[in-house]
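Please look through the structure below before reading the briefing. The points are grouped by topic, beginning with hairpins.

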Amino acid sequence: MGDCIQGAFSSGGSGGSSGSLVFVGQTVLGEAGGTIEVAFTSIAQADVSKMVCVLDAPAAAQNNQLRLNEIETSTYSSDGAIVIDGSESIIQVTNEAFWTIFDNNADTPRVSYIEITSSRASNLVVGNVSFCGSSGAGWYGINNTTTVTAFTNFTALCNGGNSDFDSGSVLTVYRVNDS
């Protein structure tokens with residue numbers, strides 16, 4: 001890691017100071033599979049300012065999605081823009097059973113960076129996704145209309161779980177502690 005972020009990561013449990021990324025968990029696929037799940041002890045949304053997920057998951061010609069706390073209802077929305085080979089497209093995906101976190105047209109390698117928080121006033125989940133590949137990149141604002149007061153797991157899906165991520169694909173979850 002470069003000097004600019006050296007020391008930004010703490011290890012283990014709920015330690016770490018306010019504002020620093022604290023490792024929560026990671027799953028690396030030992031063989032190809034349609035989902036990657038990181039489950040962990042419940043983290044109250046009041047204890048964190050946000051959760052951060054990083055997905056590094058090559059899977060040629062497949063879209064990638066993310067699901068929170070095993071919520072499988074059509075309450076997820078992703079709105080934003082992608083740029084593929086210099087052409088911009090506006091994206092609006094609503095009433096899905098997951099968030100879109102990577103568009104297959106961006107090609108490989110596939111890396112998605114996701115920040116998620118739950119509004120204390122409404123307990124609704126909001127966040128943003130940045131992703132990049134060799135042919136393009138994108139940004140989505142995301143939300144879920146299900147009440148969420150704690151985080152317990154994140155599951156990445158390859159093409160809705162109907163295709164496979166490559167062996168070695170990895171989902172890592174961090175938390176950013178509240179003050």
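E10 and E11 are joined by a hairpin, with 3 residues making the connection. The model is a predicted one. The bullets below follow the strands and then the aromatic rings.

**Hairpins around E10**

- E10 covers residues 124–132, and strand E11 covers residues 136–147.
- These two strands pair in the antiparallel sense, over 9 bridges.
- Within this pairing, Val-125 of E10 stands opposite Asn-144 in E11.
- E10 also forms a hairpin with E9, and here 5 residues lie between the strands.
- Asn-123 sits in that turn and has a positive phi of about 60 degrees.
- Strand E9 is made of residues 111–118, and 8 bridges pair this strand with E10 in the antiparallel sense.
- Ile-116 stands opposite Gly-127 in E10.

**The two faces of E10**

- Side chains alternate along strand E10.
- Val-125, Gly-127, Val-129 and Phe-131 point to one face and are buried.
- Leu-124, Val-126, Asn-128, Ser-130 and Cys-132 point to the other face and are not buried.

**An open sheet of 4 strands**

- The order of strands in this open sheet is E3-E12-E5-E8, and the pairing is antiparallel.
- Strand E3 (35–44) and strand E8 (99–102) are the edge strands, each pairing on one side only.
- On average, neighbouring strands of this sheet are turned by 25 degrees against each other, direction ignored.
- Strand E5 (residues 64–68) runs antiparallel to E8, and 3 bridges join the two.
- Gln-65 stands opposite Thr-100 in E8.

**Aromatic pairs**

- Searching the whole structure gives 6 aromatic pairs.
- One of them is formed by Phe-102 and Phe-131, with 5.1 Å centre to centre and 55 degrees between the planes, and this pair is tilted.
- Phe-102 is in strand E8 and Phe-131 is in strand E10, so their pair ties together parts that are 29 residues apart in sequence.
- Phe-102 counts as buried because its relative accessibility is 0%.
- Phe-131 also counts as buried, at 3% relative accessibility; the cut-off for buried is under 20%.
- The ring planes of Phe-151 and Phe-154 are at 20 degrees and the centres are 6.3 Å apart, so this pair is stacked.
- Phe-151 and Phe-154 are both buried.
- Phe-40, Phe-151 and Phe-154 are linked into a cluster by ring pairs.

Note on methods: Residues numbered from 1 in each chain as written. Predicted model: local features only at pLDDT ≥ 70, side-chain atom pairs only at ≥ 80, totals over all residues. Heavy atoms only, no water. Pairing = 2+ DSSP bridges. Axes fitted to C-alpha atoms, helices over the stretch in contact; angles between N-to-C directions. Buried < 20%, exposed > 50% of the residue type's maximum accessible area, 1.4 Å probe, protein only. Phe/Tyr/Trp six-rings, centres within 6.5 Å; stacked < 30°, edge-to-face > 60°.
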